[in-house]
Amino acid sequence: MFDLRAIRENPEAFRKAWNRRKPGLGDAVDAIHNHDAALRTALTDKQEAEKLRNETSKLIGAAKKSGDEAEAARLMAIVADAKETIEACAEQEAAAREQLDELLYGLPNLPLDEVPEGQDEHGNVEQARWGTPAGINNPKDHADLGEALGMMDFETAAKMSGARFVLLKGKLARLERALAAFMLDLQTEEHGYTECSPPLLVRDNALVGTGQLPKFEEDLFRVPSGNLLSEDGELLLTEDGKPLALEGGHYLIPTAEVPLTNIVRETIIEPGQLPKRFTAHTPCFRSEAGSAGRDTKGMIRLHQFNKVELVSIVANEAEGLTELERMTECAEEVLKRLNLPFRRMLLCTGDMGAGARKTYDLEVWLPSQNTYREISSCSYCGDYQARRMDARYRPEAGAKPEFVHTLNGSGLAVGRTLVAVLENYQNEDGSITVPEALRSYMGGLEVIK
């Protein structure tokens with residue numbers, strides 16, 4: 001959501017920023033102005049009609065008391081007309097507000113001036129590289145490695161769930177668990193994040209708050225309302241004997257960013273309590289509606305995957321940009337300790353997520369593809385999400401509350417990290433060397449055979 005007053009006072013700044021996102025998107029400023037003008041006109045007309053109704057109503061009694069029935073009738077007609085005007089203006093107000101909200105909620109955030117302009121990934125700018133890819137002769141794909149080990153099963157997963165799912169078994173299942181535990185320990189014990197175990201089902205207002213709704217509903221899995229059943233198929237009942245039902249409007253989370261950021265929704269954070277930093281390891285669920293035909297083999301793009309998420313709540317833009325560097329370094333540290341080569345990319349205006357003002361992507365080296373692939377995305381969102389969630393803070397005791405600024409990032413995508421470990425630590429005989437950082441989480445195991 002955006003500050004309407006700021007758009008009224010500096011429309012060209014918004015027009016320019018949205019055009020940097022996508023040519024022509026800045027025309028939304030004109031539509032915003034029209035809906036805003038209609039809304040304000042309807043409000044003014046309604047208030048004037050209400051004032052006329054109230055003032056005239058007081059005169060009716062006096063006219064009747066004096067016996068002037070004609071004047072009383074004239075005044076009553078004025079009140080009746082005013083009521084009709086109030087009702088009509090209320091309808092106009094509601095329609096204008098709905099159109100304005102629909103437009104504003106669907107618009108992306110404003111990119112910072114330092115973000116390079118571009119329409120897709122080709123406009124992204126490499127910032128740095130770390131590590132040197134190992135020379136592996138004829139590297140195998142992670143899916144081939146996992147299936148040859150008998151520990152990565154796409155066929156069985158497809159029988160029960162369809163395409164874009166995987167069943168991990170044995171040591172690879174433990175390796176995935178080890179990666180998540182390693183990431184959480186690093187982020188909580190060394191980087192100061194508070195571990196959370198959030199709900200995996202959220203209501204639509206939580207997704208509106210972080211920006212996935214209303215524009216990106218096709219990427220979400222919605223859970224229909226209905227009665228809940230036990231594992232034996234029996235109807236579950238409340239204590240008073242009524243069917244236990246799941247309310248409608250719930251969605252499976254596409255990322256833990258949603259529940260973690262919503263921790264501060266509709267709150268006022270008191271002085272001295274910022275920054276707040278949260279982390280969680282959760283499954284994530286995405287329909288991948290816009291990625292048909294992309295990465296159909298293996299674990300790169302699944303409907304269900306695990307991720308360790310990082311979320312920060314700070315006070316303002318200066319702190320937000322400093323926190324973005326810190327968060328990105330926290331994610332990079334995972335890759336460094338696993339000794340996985342990677343590069344940091346500054347995303348261009350057209351490749352950033354809708355809620356971001358500035359984003360760094362971390363891309364890990366995958367030998368089988370002879371290229372770097374995204375494994376983390378860290379974004380500074382300004383007050384974009386805070387306005388949608390009504391999340392505020394007091395700069396000092398007794399001060400007027402201001403909107404917080406939010407950040408989110410992957411620390412890291414667990415499945416893609418597993419992919420990177422398999423490919424970068426593969427041996428000629430098909431075995432996988434366990435990275436030293438993970439061996440204590442694997443019971444001392446050094447090689448997966």
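In this predicted model, the largest nonpolar core holds 59 residues. Leu175, Leu179, Met183, Met299, Leu335, Leu340 and Ile448 have the most contacts inside this core. Helix 7, residues 170–190, supplies the largest share, nine residues. A further core, of 17 residues, lies apart from it. Trp18, Ala28, Leu100 and Leu104 are among its members.

Return to Met299, one of the residues with the most contacts in the largest core. Leaving out residues up to four places away in sequence, Met299 touches His142, Met152, Phe154, Val166 and Leu168. Met299 also touches Gly415, Leu418 and Val419.

Leu335, another of those listed for the largest core, sits in helix 10. This helix runs over residues 317–337, 21 in number. From first C-alpha to last, helix 10 reaches 30 Å, close to the 30 Å expected at 1.5 Å a residue. Its buried residues are Gly320, Glu323, Leu324, Met327, Thr328, Cys330, Ala331, Glu332, Val334 and Leu335. An α-helix has 3.6 residues a turn, so residues three or four places apart point the same way.

Now take the ends of helix 10. At the N-terminal end, Asn316 acts as the cap. One of its side-chain oxygens lies 3.3 Å from the backbone nitrogen of Ala318. Asn339 follows helix 10, with a positive phi near 55 degrees.

Trp18 leads back to the 17-residue core. Trp18 is also one of the buried residues of helix 2, residues 11–21. The others are Phe14, Arg15, Ala17, Arg20 and Arg21. The buried residues of helix 2 pack against helix 1 (4–9) and helix 3 (28–65).

Key:
Residues are numbered from 1 along each chain as its sequence is written. This is a predicted model: local features need pLDDT of at least 70, side-chain atom pairs count only at pLDDT 80 or more; totals for chains, interfaces and linings use all residues. Side-chain values use heavy atoms; hydrogens and water are left out. A nonpolar core is a set of buried Ala, Val, Leu, Ile, Met, Phe, Trp, Tyr and Cys residues joined through side-chain atoms within 4.5 Å. Buried means under 20% relative accessible area, exposed over 50%, partly exposed in between (1.4 Å probe, protein chains only). Helices (H or I, at least four residues) and strands (E, at least two) are DSSP runs, numbered from the N terminus. Contact means heavy atoms within 4.5 Å. The expected span of a helix is 1.5 Å times one less than its number of residues. A polar contact is a pair of N or O atoms within 3.5 Å; within protein, one must be able to donate a hydrogen and the other to accept it, and residues adjacent in sequence count only if both atoms are side-chain atoms.
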